[in-house]
Every structure is written in C-alpha cells, then in structure tokens.
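Below is a short report on one protein model with a bound ligand. The sequence and structure come first, then notes by topic.

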Amino acid sequence: MAVIMDGKALAAKVKEEVRAEAAAMAEKPGLAVVLVGDNPAAQVYAAGKKRDCQQCGIYSEEYLLPGTVGQEELIQLLEELNQRRNVDGILIQLPLPAHLDERAILQAVAPDKDVDCFHPWNMGRLVEGNAAVAPCTPGGVMRFLQEYGVDPKGKLCTVVGRSNIVGKPMALLLTQAHGTVTICHTKTPDLKACCLGADILVAAVGRPGLITGDMVKEGAVVIDVGTTRDKDGVLRGDVDFPSVEPKASYITPVPGGVGPVTRAILLENVLRAARSRGKK
Ligand code: NAP
C-alpha cells in the first residue's frame, strides 16, 4: 500500500507560509491575471487564483479581455503592467486564441514578473540551475518530494512528457537535484521499459490511465501531473490509480494531488518576485 501524497494539505501549508510572510511585509506582493476570451474553464481557474490571493494577503487584479483582442493591444497592457510598482507577477492564462502569437506575448512579460517561468530568459536561468522561481507545476512536484522526504539524489527518474511548461522543466529540476533522468514522449520506442526502470516516475501527458501497474517498479514514487476531464466532466490523471497504487511507495491522487500544490506555488512565486523586486 502506497502513501497517498496529500496535495490539499501541502497546498494549505505552503499558503499559510506565504500568508504569514506577506502579512509581515510593509508593501503587499501583487499579481495581475490576464485572461483572453470567454473560456469558462479558464475563468474558473482565474477566479480560483483571485481567491487564493485574497486568502494569502496578496493584492490581485484581473484583466478579462475579449477573444478578439489584438496582439498590439495585449502587448500594450503587458507593458503597462511591467511598469507598475504594485504588480510583482503577471500571469497570462493559456491557451491564447489562435490569432495571437503566444510566444511573442509571453516574451512581453518582464522576466522579473514572469511568475510562471515561461520567459526564455527565465528558462535559460533554469537550465543554468540559477532560476529565481521554478515553473509552478514542476516546482510543486519538487515540493511534494521534499515534503515526503523523497530525495532524487542517486535515483533513476523518468518524466513522461516533454512540454515547455511541465516535462522539460521537470527533468531539469530533477537533474539539478542529482536524479538521473530519462524523458519520454510520443516517439519513445519502449515507454514501458523506461517507466519500469524508474525510482521516481512523473507522468505529465494528458492521456488518462496511460501508466498502468505493469509499467511501474515495485516501491516507485509515482507523481501524476495529468488532468484531463472525461466526457462526464470527471478529472482523470495519467496514472491508472487502482493498478499502480499497490506497487508504489508514494503516489499522488487526481484530484487532490499536484493541482492544488501548483496553485500554492504560484503564490510563493509572487512573494519571491516581490522580494527580488525589493519589497520588504
Ligand atoms: P502537452 O503540452 O500536451 O504535452 C504532453 C506531452 O506528453 C508531450 O510531450 C507528448 O509527446 C507526450 N505524450 C502524449 N502522448 C503520449 C504517449 N502516449 N506516450 C508518451 N508520451 C506522450 O501537455 P502539458 O501542458 O505538458 O500537460 C500535461 C498534462 O498535465 C495535461 O493533462 C495537463 O492538463 C496537465 N497539467 C496539470 C497541471 C496541474 O497543475 N496539475 C499543470 C499543467 C499541466 P510529444 O512531445 O512527442 O507530442
């Protein structure tokens, strides 16, 4: 029987740490959330972020822009937010509508306000092992490992998924923590063999139930980043929990695992950004 890693409890702990630190600051940290279009799921996420900020004493602003907003107009807003003293972090809810150049827009966020760590400058610092903040989801996974006393040092780690947002930075953070990392993707010839070799297995794919018990080594630590809504609206992870849990030593559930911790790490990143921008 695996230890179920409790994301809600860890998120509450991180949020309490952020709340206490923010309360002691003379100038509040601030987050601006930019949302384009009327995607209901994205609006729910944005509302959740606003609530999180309120709970932690972080000032927040929300910009709900129409789906037809032009590239120039959006970049102009970001340039204004880049100049603002009371905004330490700028978060652009992805995905953006197809007519917008996502790459150019993410690059328009000042690197010191890029609390998602999506800007190439921050990605470069991450590669150097010198990032001011880690991307929220991989950062959350590392926090999970730390919380449960799982040290990647000397361990074989497999990350399934190579996106810029999760898989690649996840592999970098595990490497920096002295894990030996294999990255898998759709062209990996034998996914099962790569997973079976792992002491720490991170699935960040978006294919419900892809990782089954026969792909997991006895005693492995299994982190499920995947969140896909099925046709009934139920949130499903990449890991087939019933067959994997009996083999794992530690496992994250979906929901209640990586998701809440990711949200909490965003708040920690806003606080760090405020500190590094000189707020005391
Ligand atoms: P993404 O950009 O779609 O990337 C998915 C990755 O999985 C790609 O690298 C893809 O390989 C790989 N992949 C797809 N099918 C595969 C297969 N059958 N075998 C091996 N690899 C396969 O997704 P993402 O943004 O990284 O997100 C991944 C999942 O995490 C999604 O479910 C997302 O909703 C979830 N997520 C959760 C949180 C959270 O807070 N819990 C945060 C972010 C993302 P190729 O590169 O070869 O296409």
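## Strand β5 and its neighbours

Cys-157 stands opposite Ile-200 in β7. On the other pairing of β5, the bridge partner of Cys-157 in β6 is Val-181. The model is predicted: local features need pLDDT of at least 70, side-chain atom pairs count only at pLDDT 80 or more, and totals for chains, interfaces and linings use all residues. Residues are numbered from 1 along each chain as its sequence is written, and side-chain values use heavy atoms, with hydrogens and water left out.

Strand β5 covers residues 156–160 and pairs in the parallel sense with β7, residues 200–203, over four bridges. Another bridge partner in β7 is Ala-203, which is matched with Val-160. The pairing of β5 with β6 is also parallel and has five bridges. Two strands are taken as paired if DSSP finds at least two bridges between them. Strands and helices are DSSP runs numbered from the N terminus, with at least two residues (E) for a strand and at least four (H or I) for a helix. Four of the five residues of β5 are buried, where buried means under 20% relative accessible area, exposed over 50%, and partly exposed in between (1.4 Å probe, protein chains only).

## The sheet

How many strands form the open sheet, and in what order? There are six, in the order β1-β11-β8-β7-β5-β6, with parallel pairing. Strands β1 (3–4) and β6 (180–184) are at the edges with a single partner strand each, so one side of each has no neighbour in the sheet. In general, strands of a sheet pair through backbone hydrogen bonds, either parallel or antiparallel.

The connection from β5 to β6 runs through helix α7 (residues 167–176), and the three elements make a right-handed β-α-β unit. Right-handed here means that, with the strands pointing away from the viewer, the path from the first strand over the helix to the second runs clockwise.

## Ligand surroundings

The ligand is surrounded by 21 residues, and the closest are Thr-137, Arg-162, Ser-163, Thr-186 and Thr-227. A residue counts as near if one of its heavy atoms lies within 4 Å. By class the shell has eight nonpolar, 11 polar and two charged residues. Ala, Val, Leu, Ile, Met, Phe, Trp, Tyr, Cys and Pro count as nonpolar, Asp, Glu, Lys and Arg as charged, and the others, Gly among them, as polar. Helix α10 (residues 258–276) gives the largest share of the shell, three residues.

A polar side-chain atom of Thr-186 is 2.4 Å from an oxygen atom of the ligand. For Thr-262, a side-chain N or O atom lies 3.1 Å from a ligand oxygen atom. The side chain of Arg-207 has an N or O atom 3.5 Å from a nitrogen atom of the ligand. On its own the ligand has 920 Å² of accessible area, and the protein covers 70% of this; such areas come from the Shrake-Rupley method with a 1.4 Å probe.

## Backbone exceptions

Two cis peptide bonds are listed here. The bond from Leu-94 to Pro-95 is cis, with omega near 0°, and Pro-95 lies in the loop between β4 (89–92) and α4 (102–107). The bond from Val-254 to Pro-255 is cis, with omega near 0°; Pro-255 is in the loop between β11 (250–251) and α10.

Cys-117 is not a glycine, yet has a positive phi of about 65°. Is Cys-117 buried or exposed? Cys-117 is buried, with a relative accessible area of 1%, and lies in the loop between α4 and α5 (120–128). His-178, also not a glycine, has a positive phi of about 70°. His-178 is in the loop between α7 and β6 and is exposed, with a relative accessible area of 52%.

Technical notes:
A polar contact is a pair of N or O atoms within 3.5 Å; within protein, one must be able to donate a hydrogen and the other to accept it, and residues adjacent in sequence count only if both atoms are side-chain atoms.
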